[in-house]
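Subject: Structure handover

Hello,

Here is the structure I promised to pass on to you. Please open it alongside this message, and I will go through what I found.

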Amino acid sequence: MAATDQQFVQMTDEEAIYQESVALMEKRGRRLRRAALTAGVFLAISILCMIYSTIAVRWVLIEWQQPEKTVYQLADNMGMFKVGILADGLDVVADTFVGVLLGLILIGAGVNPATSSLIIVFKVLEQAIMCINVVFLFIAGVLVDENLAIYKTIRNYFYSDNLPPIGTQITYIMLLLNKYGTIVAEGKHAVP
């Protein structure tokens, strides 16, 4: 081999700085793509959970004009209702991750950190309200689930001979709080 083939090519300082910035941008791009992919997966989970809970629970089981019928339908279809509660809980968790990842993606893309932080804060507040809505559904489920160990006590206190039973009314109030909490959290102006 000739001595000229083994010579070291020295870069200028500008070229070295440029190469460093290219490597940093490539690394940032990989992180942003990974975060975007993760946000997409969580968004898909959120959408599937929201579809199930909306169709199976809110459209099929709940009759907004007939509280007594709603309570009986919930008691008869408790498995479907419990899966709806689980779906709403998963929706809250997945949507929270989507909001946080979206804010981080925006920060990584160079958007003003204050704007990105504001997006994260509003998304987390929305999910806090939605989490309270899941608690309302859980309370309604406890009041109508006949398979619980404490159901005999609940029936004695909330479903006595009083007409109409207070348990039905409390269950219906919890469902209404869930409905209007969802409207507030999602920023809707019209009642569905």
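Which residues form a nonpolar patch on the surface? The patch consists of Leu43, Ile47, Met50, Ile51, Ile55, Trp59 and Val60, and together these residues have about 650 Å² of accessible area. Before I say more about them, please keep in mind that this is a predicted model.

Let me start with the overall picture. The protein has six helices and zero strands, so that along the sequence the pattern reads α-α-α-α-α-α. Of its 192 residues, 32% are buried. The accessible surface comes to about 12600 Å², and carbon and sulfur atoms hold 67% of that. If you take the contacts between residues at least 6 apart in sequence, 68% of them join residues at least 24 apart.

Back to the nonpolar patch. Two of its members are worth a look in your viewer. Valine 60 is in helix 1 and is partly exposed, with a relative accessible area of 44%. Isoleucine 51 also belongs to helix 1, and at 40% relative accessibility isoleucine 51 is partly exposed as well. Patch members need over 30% relative accessible area, a condition that valine 60 meets with its 44% and isoleucine 51 with its 40%. Isoleucine 51 also gives you a handy distance to check: its C-alpha lies 9.8 Å from that of glycine 84, with the two positions 33 residues apart in sequence.

There is a charged patch to look at too. Lys27, Arg28, Arg31, Arg33 and Arg34 make up a positive patch on the surface. One of these residues, arginine 34, sits in helix 1 and is exposed, its relative accessible area being 53%.

Now for the salt bridges. Side chains of opposite charge can pair when their charged atoms come close. The count here is four salt bridges, and I will take you through several of them.

Aspartate 88 pairs with arginine 58, and their closest N and O atoms are 2.9 Å apart. This pair links distant parts of the chain, with aspartate 88 in helix 3 (residues 78-108) and arginine 58 in helix 1 (residues 13-61), 30 residues apart. Are these partners buried or exposed? Aspartate 88 is buried, because its relative accessible area of 6% is under the 20% cut-off. Arginine 58 is buried too, at 16%.

Lysine 82 forms a salt bridge with aspartate 145, where the closest N and O atoms are 3.0 Å apart. Here again distant parts of the chain are linked: lysine 82 belongs to helix 3, while aspartate 145 is in the loop between helix 4 (113-144) and helix 5 (151-158), 63 residues apart. The partners of this bridge fall into separate classes of exposure. Lysine 82 is partly exposed, with a relative accessible area of 44%, whereas aspartate 145 is buried, with a relative accessible area of 3%.

The side chains of lysine 123 and aspartate 95 meet in another salt bridge, at 3.8 Å from N to O. Lysine 123 is in helix 4 and aspartate 95 in helix 3, so this pair also links distant parts of the chain, 28 residues apart. Both residues are buried. What do salt bridges that share partners join into one network? The members are Asp95, Lys123 and Glu126.

Last, please have a look at phenylalanine 136, which lies in helix 4. At 18% relative accessibility, phenylalanine 136 counts as buried, since buried means under 20%. Which residues is phenylalanine 136 in contact with, leaving aside its neighbours within four places in sequence? They are Met174, Leu177 and Asn178. The C-alpha atoms of phenylalanine 136 and lysine 179 are separated by 9.6 Å, and these two residues are 43 apart along the chain.

Happy viewing, and best wishes

Terms used. Residues are numbered from 1 along each chain as its sequence is written. This is a predicted model: local features need pLDDT of at least 70, side-chain atom pairs count only at pLDDT 80 or more; totals for chains, interfaces and linings use all residues. Side-chain values use heavy atoms; hydrogens and water are left out. Helices (H or I, at least four residues) and strands (E, at least two) are DSSP runs, numbered from the N terminus. Buried means under 20% relative accessible area, exposed over 50%, partly exposed in between (1.4 Å probe, protein chains only). Contact means heavy atoms within 4.5 Å. Accessible areas come from the Shrake-Rupley method with a 1.4 Å probe; for residues, only the protein chains shown count as cover. Patches are made of residues with over 30% relative accessible area and no salt bridge: like charges are joined within 9 Å, nonpolar side chains (Val, Leu, Ile, Met, Phe, Trp, Tyr) within 5 Å. Lys and Arg count as positive and Asp and Glu as negative; His and the chain ends are not counted. The place of a charge is taken as NZ of Lys, CZ of Arg, CG of Asp or CD of Glu.
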